[in-house]
Amino acid sequence: LGGKPIMFSPELLEPTFQIPEYEYAGTYDKDVVVLSISSDLSRVIYRHKEHGFLIDPGGFWLAADVKDALDDLETVKWFGKTFEKVGRLSAEETMENFRRLVPLVREKTGAHVVMFNSLTVDPGRRVMDYKLSHSPHRTRRREFASALVELARDLDFSIVDVDRVVKGVGVEGLGDFVKLTPRHKRAVGQEFVRILQDREVI
């Protein structure tokens, strides 16, 4: 499926890192580990039918040229036979995973953990009433954002509040809740730096 070996290795828990393709620059200690709820908000999880482990195959192979998939039908067939679709994780499942992961990251790396939330509105949609909409994405993102705040209080990590920052700049020019414009990215980056300064990381 185009996955790289690094996707199945415990790189996140290593205390040091190298910059991919710039390994000659040396090895660096991890001062900060950045995590996000964005992938769990939208990605679909698959379970191995025999061993039961869960994976997110990522969207890169689904978005590839159809010819690439047709040229590798055996892999596509193998995936369909080997894995079953589970669906998206709930907010509770995601937070339970992070509840185990954040302390483990701290223990193994000694780094500060910073989490990114997500914009809760859909700038490109014109829905005025969600009463008849079954479990809209907007509601899901709000549930995740609220659950993340509660988890941060329990585990004492920082949140880059993308939702607040982007709304403060204004959502004009955004097509959806993921693709930010340069001015929005700049504002989010400034908030990230402010948090690192408050935590005395920099």
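## Two sides of helix 5

Which residues are exposed on the other side of helix 5, away from its buried ones? In this predicted model, they are Arg153 and Asp154. The buried set of helix 5 consists of Arg140, Arg141, Phe144, Ala145, Leu148, Leu151, Ala152 and Leu155. These buried residues lie on the same side of helix 5, because they cover an arc of only 135 degrees around the axis. Their packing partners are helix 1 (38-42), helix 4, strand 7 and strand 8 (158-160).

The length of helix 5 checks out as well: at 1.5 Å a residue, its 19 residues should span 27 Å, and the end C-alpha atoms are 27 Å apart, so the two agree. Just after helix 5 comes aspartate 156, with a positive phi of about 60 degrees.

## Helix 4

Now to helix 4, where Ala91, Thr94, Met95, Phe98, Val102, Val105 and Thr109 are buried. The elements they pack against are strand 3, helix 1, strand 7 and helix 5.

Helix 4 has 19 residues, which should span 27 Å at 1.5 Å a residue; its end C-alpha atoms are 26 Å apart, which agrees. Glycine 110, just after helix 4, takes a positive phi of about 75 degrees.

## How the two helices meet

Two packed helices are described by the angle between their axes and the distance between the axes. For helix 4 and helix 5, the angle is about 30 degrees and the axes are 10 Å apart. Their crossing is right-handed.

On the helix 4 side, the contact is made by Ala91, Thr94, Met95, Phe98, Arg99, Val102, Pro103 and Arg106. Helix 5 contributes Glu143, Phe144, Ala147, Leu148, Leu151, Asp154 and Leu155. Phe144, Leu148, Leu151 and Leu155 also belong to the buried residues of helix 5, whereas Asp154 is exposed.

## The nonpolar cores

The largest nonpolar core holds 18 residues, and Leu35, Ile37, Val113, Met115 and Phe157 touch the most other members. Strand 3 (32-36), helix 4 (91-109), strand 7 (112-116) and helix 5 (137-155) each give two or more residues to this core. Another core, of 14 residues, lies apart from it; among its members are Phe116, Val160, Val162 and Val165.

What does isoleucine 37 touch, leaving aside residues up to four places away in sequence? Its contacts are Met95, Phe98, Met115, Phe116, Asn117, Ser118, Phe144, Ala145 and Leu148. Among these, Met95 and Phe98 are buried residues of helix 4, while Phe144, Ala145 and Leu148 are buried residues of helix 5.

Notes
Residues numbered from 1 in each chain as written. Predicted model: local features only at pLDDT ≥ 70, side-chain atom pairs only at ≥ 80, totals over all residues. Heavy atoms only, no water. Core = buried A, V, L, I, M, F, W, Y, C linked by side-chain atoms within 4.5 Å. Buried < 20%, exposed > 50% of the residue type's maximum accessible area, 1.4 Å probe, protein only. Helix = DSSP H or I, 4+ residues; strand = E, 2+ residues; numbered from the N terminus. Contact = heavy atoms within 4.5 Å. Expected span 1.5 Å × (residues − 1). Arc of directions from axis to C-beta. Axes fitted to C-alpha atoms, helices over the stretch in contact; angles between N-to-C directions. Left-handed = near helix turned anticlockwise from the far one by under 90°.
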